[in-house]
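Biologist: Before we begin, I should like to understand how the terms used for this model are justified. May I ask you to set each value against its definition?

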Amino acid sequence: MANESSHAAHPAHAEGLHRVVVIVDENSNPFELGCATEVFGLRRPELGRDLYDFKLCSPEPRTLMRDGFFTLTGVAGLEAADEADTLVVPNRPDIEVPRRPAVLDAVRRAHARGARLVGFCSGAFTLAEAGVLDGRRATAHWQWADSFRARFPSVRLEADVLFVDDGDILTAAGSAAALDLGLHVVRRDHGAEVANSVSRRLVFAAHRDGGQRQFVERPMPDLQDESLAPVLAWAQERLDSPLTVSDLAARAAVSPATLHRRFQSQLGTTPLAWLTGERLALACRLIERGESRFEMVARRSGLGTAANLRTLMRRETGITPSTYKRRFGPEAN
């Protein structure tokens with residue numbers, strides 16, 4: 001017999017907060033529900049403000065969660081989905097079972113009025129079944145990639161990434177990747193500094209390089225003498241220095257070729273790409289903290305010149321440093 005649990009709603013939030021609504025359906029996975037609650041639903045006293053207005057909803061008053069672990073009660077009805085700015089769609093392990101028509105209709109209505117849609121893990125099947133992914137990019141867990149392609153050939157599935165941001169529709173590849181995508185959404189909405197604060201509270205990396213391939217083909221070896229952690233920590237303290245791949249290899253006491261193989265194996269990326277990503281993240285934090293001189297931002301983050309900063313930021317984020325400053329600098333709050 002399943003244990004019962006009820007969801008206690010947040011106190012009333014201030015007007016103007018972005019509304020995140022999560023649809024919970026029969027046999028939904030508790031882990032992904034927990035990820036959404038942790039990222040979007042918790043109060044943020046360390047930031048001095050809340051980030052989102054968060055709500056759970058369900059098509060039934062009592063929702064039996066996966067494998068009868070517990071029964072969810074006391075949440076809003078499905079009509080709450082019509083008020084969402086961001087709608088997190090239900091996911092569950094039985095991917096062959098069709099979703100409820102009422103849930104699919106709620107997803108279609110949200111999409112039609114311009115709400116942002118998010119699917120964690122098998123949530124991509126819900127989005128595809130609703131027809132909103134036709135011709136769009138998405139990802140799903142690597143174990144279900146063949147099944148997904150067979151059922152939804154019009155969707156451009158990217159099965160070797162942790163998540164896909166296709167503008168107003170975002171999908172995460174697996175359970176833990178729900179945290180990657182959730183933090184990406186926070187970063188997109190509130191900037192890198194806030195996303196880093198949330199990730200620290202979660203004790204989870206603000207950004208994991210690589211994709212699903214590192215888990216499918218070559219899981220990260222649990223060998224202390226091959227861990228990259230010491231050299232990564234050493235490099236993060238020296239991002240303003242003219243570090244090279246050879247410098248990283250020397251610190252790790254291996255050849256550049258060996259270092260490259262370890263980065264590909266453990267992080268799914270190259271040493272140079274990782275170093276550039278860390279420097280860009282530092283540059284974003286400096287801008288958010290009020291540094292308006294882009295030449296200084298570039299020097300302190302190890303990117304060299306303002307021109308290089310502009311080129312790399314536009315390539316990686318799609319916006320210029322000036323636009324980033326307007327959106328996420330101190331005057332934007």
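Modeller: Certainly. This is a predicted model, and the secondary structure of its chain comes to 14 helices and 12 strands. Of the 333 residues in the chain, 48% are buried.

Biologist: Why is Phe148 called buried or exposed, as the case may be?

Modeller: The term buried requires under 20% relative accessible area. Phe148 has a relative accessible area of 0%, and is therefore buried.

Biologist: How is Phe152 classed, and on what value?

Modeller: Phe152 has 11% relative accessibility, so it counts as buried.

Biologist: What makes Phe125 and Phe152 an edge-to-face pair?

Modeller: A pair of aromatic rings is described by the distance of the centres and the angle of the planes. Ring centres must lie within 6.5 Å, and planes over 60 degrees apart count as edge-to-face. Phe125 and Phe152 are 6.1 Å apart centre to centre, with 70 degrees between the planes, so the pair meets both conditions for edge-to-face. The pair links distant parts of the chain, 27 residues apart: Phe125 lies in helix α3, while Phe152 lies in the loop between α4 and β10.

Biologist: Why is the pair of Phe148 and Phe152 called tilted?

Modeller: Planes under 30 degrees apart count as stacked and those over 60 as edge-to-face, the rest being tilted. The planes of Phe148 and Phe152 stand at 55 degrees, with the ring centres 5.1 Å apart, so this pair is tilted. Phe125, Trp144, Phe148 and Phe152 form one aromatic cluster, and the whole structure holds 7 aromatic pairs.

Biologist: Which residues touch the most other members of the largest nonpolar core?

Modeller: That core has 35 residues, and those with the most contacts to other members are Ile23, Leu87, Val107, Leu117, Leu127, Leu133 and Phe148. At least two residues each come from β2, β7, α2, α3 and α4, and α2 gives the most, with 5 residues. Leu87 touches, among others, Val21, Ile23, Ala106, Val107 and Leu117.

Biologist: How do you know that the buried residues of α8 line one face of the helix?

Modeller: The buried residues of helix α8 are Val231, Leu232, Trp234 and Ala235. Seen down the axis of α8, they fall within an arc of 160 degrees, so they line one face. What covers these buried residues includes α9, α10 and α11.

Note on methods. Residues are numbered from 1 along each chain as its sequence is written. This is a predicted model: local features need pLDDT of at least 70, side-chain atom pairs count only at pLDDT 80 or more; totals for chains, interfaces and linings use all residues. Side-chain values use heavy atoms; hydrogens and water are left out. Buried means under 20% relative accessible area, exposed over 50%, partly exposed in between (1.4 Å probe, protein chains only). Helices (H or I, at least four residues) and strands (E, at least two) are DSSP runs, numbered from the N terminus. The arc is that of the directions from the helix axis to the C-beta atoms. Contact means heavy atoms within 4.5 Å. Rings of Phe, Tyr and Trp (its six-membered ring) pair if their centres lie within 6.5 Å; planes under 30 degrees apart count as stacked, over 60 as edge-to-face and the rest as tilted. A nonpolar core is a set of buried Ala, Val, Leu, Ile, Met, Phe, Trp, Tyr and Cys residues joined through side-chain atoms within 4.5 Å. Lists of a residue's contacts leave out its neighbours within four places in sequence.
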